[in-house]
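Biologist: Hi! Could you walk me through the greasy side of this protein?

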Amino acid sequence: MRRYFWSKGFPWFRGNTPEFSPLLPKSGAADDKEVTETNNGPVWIQTHYSYSWMDYFLKYFLFLCNLGFTVFGLMVLGLGMWGLISKESFAQERIGSIGTDPMLVLMSLGFLLAVLCLTGCVGAIRENACFLRLFSGIVMVLIAVQVLMAIMAYSMQDQIEVYLRSGMLAAMAGYQDDLDLRFITDEIQTNLQCCGADTYRDWETNIYYNCSSPGVLACGVPATCCVDPLDNGTVWNSQCGLGAQRLDEFTAQSTIFLGGCIGGISRWIEQHQGLMGAVAAVVLGVQILAVFITTRLMESINWHKMHA
């Protein structure tokens with residue numbers, strides 16, 4: 001067995017062993033001819049297959065695309081790790097809640113993307129049919145999962161709104177204790193100009209903004225709920241929402257946004273559903289194209305190996 005691997009070499013590292021690539025012609029291959037005897041004497045016949053430029057294009061196009069996505073996946077992985085480290089999520093008192101940390105999800109997605117695209121990258125440049133089959137198989141599974149999720153999302157629209165509401169309330173409850181939940185909640189309220197899940201009084205669910213709380217934030221709302229959170233248009237006023245829950249709606253409407261964010265999210269989806277559909281179609285199309293190119297490349301590699 002040792003003698004076999006010494007003579008054949010490993011596919012990813014062959015040292016000084018001459019490398020043969022089925023898509024790259026061997027030296028002198030263009031001069032491979034055989035002699036055939038005819039009535040008029042010997043005739044030289046070209047026997048080597050002429051390599052197509054499409055073979056080279058598919059190989060290096062797939063390699064470069066996967067290389068780019070591999071780098072992107074590593075960047076996402078690094079961003080997730082930076083987020084976990086900067087928040088000290090690995091500290092002993094916080095390690096128990098790391099499973100629900102959004103940065104862990106980001107890091108996991110980056111890792112999976114990098115590994116998947118690296119498989120396709122190595123399979124393309126090394127013309128490794130095993131890696132290419134693995135890459136195309138995983139991409140096809142991802143396509144099936146995404147189509148299934150789209151069908152489920154379309155058929156469960158009412159339940160999705162319930163999940164969004166419960167998620168928003170959970171984010172509001174942990175607003176002061178989790179920097180990620182605070183950032184997400186602030187971004188939603190600022191961009192959609194809303195406050196709370198269904199109404200600004202939903203902030204009663206937070207222990208710091210609850211009216212029974214002894215702190216200064218009692219019966220208030222975050223500054224991102226304010227209509228104008230800037231003093232003189234320059235300085236951020238973090239106390240503009242203090243005591244807002246004690247106000248009636250007519251009085252509060254001049255200070256904070258009254259509408260909830262669930263309605264704002266629903267309206268945003270309705271307004272941008274065309275764009276979302278186009279983005280989903282492009283993403284799905286790229287994956288289908290990757291499977292097609294990989295399949296075509298594997299067929300070309302196998303054909304060249306048989307006729308080399």
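Modeller: Sure, let's go through a surface patch and its rings. The model is predicted, so to speak of local features we need pLDDT of at least 70, and of side-chain atom pairs 80 or more, while totals for chains, interfaces and linings use all residues. Residues are numbered from 1 along each chain as its sequence is written, and side-chain values use heavy atoms, without hydrogens and water.

Biologist: Which residues form the nonpolar patch on the surface?

Modeller: Trp53, Phe57, Phe61, Leu289 and Phe292, with about 570 Å² of accessible area together. Accessible areas come from the Shrake-Rupley method with a 1.4 Å probe, and for residues only the protein chains shown count as cover. Patch residues have over 30% relative accessible area and no salt bridge (side-chain nitrogen of Lys or Arg within 4 Å of a carboxyl oxygen of Asp or Glu). Nonpolar side chains (Val, Leu, Ile, Met, Phe, Trp, Tyr) are joined within 5 Å, and like charges within 9 Å.

Biologist: Which helix gives the most to the patch?

Modeller: H2, with 3 residues. Helices are DSSP runs (H or I, at least four residues), numbered from the N terminus.

Biologist: And is Phe292 buried or exposed?

Modeller: Phe292, in helix H9, is exposed because its relative accessible area is 55%. Exposed means over 50%, buried under 20%, and partly exposed in between (1.4 Å probe, protein chains only). Phe57 is partly exposed at 42%.

Biologist: New topic: how many aromatic pairs are there?

Modeller: The count is 5. Phe57 and Phe61 form a stacked one, 5.5 Å centre to centre with 20° between the planes. Rings of Phe, Tyr and Trp (its six-membered ring) pair if their centres lie within 6.5 Å; planes under 30 degrees apart are stacked, over 60 edge-to-face, and the rest tilted.

Key
Helix = DSSP H or I, 4+ residues; strand = E, 2+ residues; numbered from the N terminus.
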